[in-house]
Amino acid sequence: MPRTKKSASAETKPAASEAVQARNEKKTEEVYLQIGGQEWNISDCRERAAAAYIAEGHKEAGIKKLVVYLKPDEGKAYYVVNDSDNGSIAL
């Protein structure tokens with residue numbers, strides 16, 4: 001009985017699933033602000049601002065837009081949620 005050749009689609013299938021898997025993996029990004037001999041992790045500030053908003057009694061699912069303003073000279077990060085609610089956290 002002669003051997004059959006694998007189809008081209010069967011050969012590329014593992015590569016395609018690897019591409020999908022890679023795309024589904026969470027990307028890790030870190031951004032730092034360094035000024036005056038101090039350093040802040042910007043991603044951490046974003047997470048802490050969201051946590052402060054949630055601690056005020058809001059739901060995480062309610063955060064559609066979060067903007068964080070860093071003010072190192074004041075030692076604070078100010079945040080605005082959904083263009084209406086605002087607050088601040090210590091850097």
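What pattern does the protein follow when read along the sequence? Colour this predicted model by secondary structure and trace the chain from its start: the pattern is α-β-β-α-β-β-β. In total there are 2 helices and 5 strands.

**The whole protein**

Select everything and show the surface. The accessible surface comes to about 7,500 Å², and 50% of that area belongs to carbon and sulfur atoms. Of the 91 residues, 12% are buried. Among contacts with a separation of 6 or more, 23% are between residues 24 or more positions apart.

**Helix H2**

Select residues 42-55, which form helix H2. The end C-alpha atoms of H2 are 20 Å apart, and this agrees with the expected span because 14 residues at 1.5 Å a residue should also give 20 Å.

**The buried side of H2**

Now show the side chains of Cys45, Ala49, Ala50 and Tyr53, the buried residues of H2. They cover an arc of only 135° around the axis, so they lie on the same side of H2.

To see what they pack against, add four strands: S2 (38-41), S3 (66-71), S4 (76-81) and S5 (85-90).

**The two ends of H2**

Go to the N-terminal end of H2 and select asparagine 41, which caps it. A side-chain oxygen of asparagine 41 lies 2.9 Å from the backbone nitrogen of serine 43; draw a distance line between these two atoms to display the cap.

Finally, move past the other end and select glycine 57, which follows H2. The phi of glycine 57 is positive, near 105°.

Notes
Residues numbered from 1 in each chain as written. Predicted model: local features only at pLDDT ≥ 70, side-chain atom pairs only at ≥ 80, totals over all residues. Heavy atoms only, no water. Buried < 20%, exposed > 50% of the residue type's maximum accessible area, 1.4 Å probe, protein only. Contact = heavy atoms within 4.5 Å. Areas by Shrake-Rupley, 256 points an atom, 1.4 Å probe, with all protein chains shown as cover. Expected span 1.5 Å × (residues − 1). Arc of directions from axis to C-beta. Polar contact = N/O pair within 3.5 Å; in protein donor to acceptor, adjacent residues only side chain to side chain.
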